[in-house]
Amino acid sequence: MLRLPVIGLESEFKVFVDDAEVTPEEHWRTPRAFITTPTLKRTTKSVQLPTGGALYFDGGVLEVVTPVIELAPQCVARVVRSLWEQIRFVREQLDAWEQKNGTRVRLQAFSCHANVSFELAREERGRNRTIQKLAVLLARILPVPVIVTGANRRSTGIGVRPRRDRIEITLDFTPDPGLMAATVALIVGIVRDVIAWPSYLLKDLEATGVPLLASVEPGRHPSRKGWITRDFHFPKNPFTADIDVEEWRMTDGRTMSLRHIALATAQHFRSSIERYADPFTVRRLFALLQGKTTGLLDLDDRPSAYDDVGRDASLEPPWREQPAGRRRRERKYDDRRATRPADRPLTRSAYERVFLRLGARKSFRLGEEELTPVAVKGWYHAVFRAPGGEERVISIDQLL
């Protein structure tokens, strides 16, 4: 377990070659078949990327993963930026492979997994405060706000998986960095706030004031231990419904719209959301929940951007890192300056810097020795070659 609590994102994509779906491990066998840049070893079907993350062939899909990024102000912007940097790198490698082989490769959005640390000390846990009970609780709180913020008309469910030292939230991939950041900010803010609650029992949930839909029972997750709330678990399909119609009965007897439920939930957790998100993302989130900007469920169908992710992707502030030493233009009004995200450069987290150094295969000096990275093991350890030729496994915390 890492010393610092962290977040991370994983995204899965279906692969189409000349518009025919293929299984990546059958088509290429290994990611090194189309990645020409030198990379660190992970496993036969995965590589460590120079952009700090990793690429996997996993269960018939291509999966891109960010490095772990410690929880801190603006960490949501950092992790979303990192995910899109991994996607951009993979897309550039596929572009080169396309030109060499005279074919066209598309990455179709499949899923996104948001991972959030659960680092409660053993003495803080108890019968009313286990990670399994936390997952059950979040499976009741998260679905409506996540659906309104990040789902599309073809989405089918929101999942919550307890994973020993982290909670994993599964949803559809969002092919827009701004909407993705708003969705991840919502998830991280809610999860981190609920982790601090003194009880994870469902019977204590209503007293918190969080709005809850009546007659909704999440089902068991089919692939791993956990819970998933699918379209058929609701009184009617929330992914195809009008999110502004007040037709959803709450446990307290009120009738609300899906957008109003999502907004009230986000308002309840607003201070926690603001703790981890940048001001731009907070504004984007609440503008969407207030109906001031267009969300995916305001559209008639899922956008075409889902079918060819990364082809023309670009990162704008606040996700683009500002050059070091860049001078800021003076502004007339101080209060405006204080709320604009571009005023504060988006730095790299400590763990992120370690993984970027590993991905670039740069050596580390520990004590009197200079160690050369040769492989990465999971997200907690790296393998190094010492000057004498022997290999050593060192934790990421030691490398800080």
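A residue is called buried here when its relative accessible area is under 20%. C75 clears that bar easily in this predicted model, with a relative accessible area of 0%. C112 is buried too, at 5% relative accessibility. The two cysteines do not pair up, though: the sulfur of C75 has its closest cysteine sulfur in C112, 14 Å away, which is too far for a bond. A disulfide would need the sulfur atoms to be within 2.5 Å. Seen from the other side, C112 is in no disulfide either, and its nearest cysteine sulfur is that of C75. The count of disulfides for the structure is zero.

Aromatic rings come next. The pair count comes to ten. One of these pairs joins W28 and F34, whose ring centres are 4.8 Å apart and whose planes make an angle of 55 degrees, a tilted arrangement. Both partners sit out of reach of solvent by the cut-off used here: W28 counts as buried because its relative accessibility is 6%, and F34 is buried with a relative accessible area of 2%. W28 and F34 also belong to one aromatic cluster together with F57 and W97.

A second pair, F234 with W248, has its planes at 90 degrees and its ring centres 6.4 Å apart, so this one is edge-to-face. F234 lies in the loop between β12 (227–230) and β13 (248–249), while W248 is in strand β13 itself, so the pair ties together parts that are 14 residues apart in sequence. Again the rings are tucked away: F234 counts as buried at 6% relative accessibility, and W248 does so at 1%.

Aromatic rings also have arginines for company. R42 places its charged end over the ring of W379, 4.5 Å from the ring centre. R106 does likewise with F16, its charged end sitting over the ring at 4.5 Å from the centre.

The surroundings of L62 bring back some of these residues. L62 is part of strand β6, which covers residues 61–65, and counts as buried because its relative accessibility is 0%. Leaving aside residues up to four places away in sequence, L62 touches S11, E12, F13, V15, P24, F34, L55, Y56, F57, V90 and L107. Among these contacts are F34 and F57, both members of the aromatic cluster. A look further along the chain gives a sense of scale: H260 comes 198 residues away from L62, and the C-alpha atoms of the two are separated by 36 Å.

Helix α10 rounds off the picture. This helix spans residues 350–359, and seven of its ten residues are buried, so it is largely enclosed by the rest of the structure. The buried positions are A350, Y351, E352, V354, F355, L358 and G359. One of them, E352, also takes part in a contact at the start of the helix, where a side-chain oxygen of S349 comes to within 3.1 Å of the backbone nitrogen of E352. At the other end, just after α10, R361 adopts a positive phi of about 60 degrees.

Conventions:
Residues numbered from 1 in each chain as written. Predicted model: local features only at pLDDT ≥ 70, side-chain atom pairs only at ≥ 80, totals over all residues. Heavy atoms only, no water. Buried < 20%, exposed > 50% of the residue type's maximum accessible area, 1.4 Å probe, protein only. Helix = DSSP H or I, 4+ residues; strand = E, 2+ residues; numbered from the N terminus. Polar contact = N/O pair within 3.5 Å; in protein donor to acceptor, adjacent residues only side chain to side chain. Contact = heavy atoms within 4.5 Å. Phe/Tyr/Trp six-rings, centres within 6.5 Å; stacked < 30°, edge-to-face > 60°. Lys NZ or Arg CZ within 6 Å of the ring centre and 35° of its normal.
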